[in-house]
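Welcome! A visitor and a guide are about to talk through a structure together. Take a look at it here before they begin.

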Amino acid sequence: HAMGLNFCSIGICLALKDGQNISKEQRSNLKTLLKKLSKELNIKVENIIGHRDVWKIAKDRSLATACPTDSLYNELQLIKKEMV
């Protein structure tokens, strides 16, 4: 899911059609899963990122991606704020 970082990361995929926004159920489930994983694996909220940010950590611009969509990426930022 994240070339060069698979040994130290977890990938979560939400199945959405082109242009489709995350449903309330998906959002709720994602937040629950993120809370559970962050607690069980001692992952800091600030270390939860979207796939599009992987290249910054790997320091390899060739890994840049447009996923998740802007809508889902923004939703992830809101979920992270709610988790603090």
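The conversation below covers a pocket, a surface patch and some salt bridges in this predicted model.

Visitor: Which helix gives the most residues to the lining of the largest pocket?
Guide: Three helices each supply at least two residues of that lining: H1 (24–40), H2 (54–58) and H3 (70–83). With four residues, the one that gives the most is H1.

Visitor: What is the volume of the largest pocket?
Guide: A probe the size of a water molecule, rolled over the atoms, shows where empty space is left. For the largest pocket, this volume is about 980 Å³.

Visitor: And which residues are the closest to its centre?
Guide: The largest pocket is lined by 33 residues. By class, 21 of the lining residues are nonpolar, 10 are polar and two are charged. The closest to the centre are Ile10, Ile12, Ile49, Gly50 and His51.

Visitor: Is leucine 33 buried, partly exposed or exposed?
Guide: Leucine 33 is found in helix H1, and together with Ile10, Ile12 and Leu41 it forms a nonpolar patch on the surface, with about 330 Å² of accessible area. Buried would need under 20% relative accessible area and exposed over 50%. Leucine 33 has 34%, so it is partly exposed.

Visitor: Let's turn to charges. How far apart in sequence are the parts tied together by glutamate 82 and lysine 31?
Guide: Side chains of opposite charge can pair when their charged atoms come close. Glutamate 82 and lysine 31 form a salt bridge, with their closest N and O atoms 2.8 Å apart. Because glutamate 82 lies in helix H3 and lysine 31 in helix H1, the parts that the pair ties together are apart in sequence by 51 residues.

Visitor: Arginine 52 and aspartate 70 also meet in a salt bridge; which of the two is buried?
Guide: Their side chains meet at 2.9 Å, N to O. This pair links distant parts of the chain, from the loop between H1 and H2 to helix H3, 18 residues apart. Aspartate 70 is exposed, with a relative accessible area of 54%. At 18% the other partner falls under the 20% limit, so the buried one is arginine 52.

Visitor: What is the relative accessible area of aspartate 53?
Guide: Aspartate 53 forms a salt bridge with lysine 56, the closest N and O atoms being 3.2 Å apart. Lysine 56 is partly exposed, at 46%. Aspartate 53 is buried, with a relative accessible area of 10%.

Notes. Residues numbered from 1 in each chain as written. Predicted model: local features only at pLDDT ≥ 70, side-chain atom pairs only at ≥ 80, totals over all residues. Heavy atoms only, no water. 1 Å grid on protein atoms, 1.4 Å probe; cavity = no way out; pocket = protein on both sides within 12 Å on 5 of 7 lines; lining within 4 Å. Points joined across faces, edges and corners; volume = space filled by probe spheres on them. Nonpolar A, V, L, I, M, F, W, Y, C, P; charged D, E, K, R; others polar. Patch = residues over 30% accessible without salt bridge, like charges linked within 9 Å, V, L, I, M, F, W, Y side chains within 5 Å. Areas by Shrake-Rupley, 256 points an atom, 1.4 Å probe, with all protein chains shown as cover. Salt bridge = Lys/Arg side-chain N within 4 Å of Asp/Glu carboxyl O. Buried < 20%, exposed > 50% of the residue type's maximum accessible area, 1.4 Å probe, protein only.
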